[in-house]
Amino acid sequence: MSAATTRSRTARTPVPDRLCAEAVDLARAAAEEAAAPGIVGEHVGVVSEGDRVVTHFFECREPGYRGWRWAVTVARASRAKYVTLDETVLLPGSDALLAPEWVPWSERLRPGDMGPGDLLPTEADDIRLEPGYTGEDEPPPNSAVSEMSQEMADLVDAEDAELTTRPATTSRGSIAAVADELGMRRARVLSRYGLHAAADRWDEAFGAKTPMAQAAPASCVTCAFLVPLAGSLRQAFGVCANEFGPADGRVVSLSYGCGGHSEAAVMPKPPKPTPHALDTMQVDEYPLRPARDSGSVPAEADAPTEDLGHS
């Protein structure tokens, strides 16, 4: 059993060819030719790749390539005495400094990465979106509305028969056609998955489980600064309109809250001062002599008094 094990190990890891293993100078010359001067370091090992095929490893001194090694493979033909060069390549070692695994741009993109002029394409089968018009608003084929719509469409087609080229539009009389004329037509809208994904993302950023909401005196549902959203999201989200709040202009959950709640700390009105009993704000004029028409002084002098005989 010991001999069989030895033969098995020998077959898997053959002993390096002697002439190839001794061709260190040939391998170093090949590595120095491929690398810049002074980059190839000491000989660090030799590995047998097969029958008369050996790879020599040299230390790499290139800055930024810590743990990398120059690998030079040499070979020898059967019964030949000369060793020939096979290939030279720079390979990472077990402790080499490697770049992180490549991630597609669509997975690297984060909120806030887009700048002016950047375009963010969406896939045709994006699960967050669905067609804005699916034909569900079409009337039944045998209904009176369908017949009327068809008659109107025939009249319009007859009037526009002289046109050689006509833009592709939706069927006449449909709700989608009316929306298209009003400028509200969208090729795709949010799907249920896209709506739920957005709601989960907003709730994680500004929801009830955030530290700010946990310490808030009240929730946003009772705050006057909350501007509710339209549609189905109105029941769970709104936009904060408090310029001093941490979520100003952000979509917040109704269960979110902060210290800027409109009713959390209402400042009392300043007390109105009591009016003075004596008006001290105006200047009163006091003449030195009373007016002649005031009644205290006669307008004319009194007649001469008669002598009453008093001394």
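**A surface patch, two cores and the uncertain stretches**

Trp105, Met114 and Leu120 together make up a nonpolar patch on the surface, and their combined accessible area comes to about 310 Å². Trp105 belongs to helix H4, which covers residues 105-108. Because its relative accessibility is 45%, Trp105 counts as partly exposed, the class that lies between the limits of 20% for buried and 50% for exposed. The model that shows this patch is a predicted one, and its confidence is taken up again below.

From the surface we turn to the interior. The largest nonpolar core has 17 residues, among which Val40, Phe58, Trp70, Val72 and Val74 touch the most other members. Helix H3 (24-34), strand S2 (53-60) and strand S3 (68-75) each contribute at least two residues to this core, and the largest share, four residues, is supplied by S3. For Phe58, once neighbours within four places in sequence are set aside, the contacts include the core residues Val40, Trp70 and Val72, and they also take in Val24, Ala27, Arg28, Gly41, Glu42, His43, Val44 and Arg69. Separate from this core is a second one of nine residues, including Cys220, Leu226, Cys240 and Val252.

How far can these details be trusted along the chain? The average pLDDT of the protein is 78, with 72% of the residues scoring at least 70. Residues 1-10 stay under 50 in pLDDT, and the model gives them zero contacts beyond four places in sequence. Residues 162-170 also have a pLDDT below 50, although this stretch has six contacts in the model beyond near neighbours in sequence. Where pLDDT is low, the predicted coordinates should not be read in detail.

Terms used: Residues numbered from 1 in each chain as written. Predicted model: local features only at pLDDT ≥ 70, side-chain atom pairs only at ≥ 80, totals over all residues. Heavy atoms only, no water. Core = buried A, V, L, I, M, F, W, Y, C linked by side-chain atoms within 4.5 Å. Buried < 20%, exposed > 50% of the residue type's maximum accessible area, 1.4 Å probe, protein only. Contact = heavy atoms within 4.5 Å. pLDDT = per-residue confidence, 0-100. Patch = residues over 30% accessible without salt bridge, like charges linked within 9 Å, V, L, I, M, F, W, Y side chains within 5 Å. Areas by Shrake-Rupley, 256 points an atom, 1.4 Å probe, with all protein chains shown as cover. Salt bridge = Lys/Arg side-chain N within 4 Å of Asp/Glu carboxyl O.
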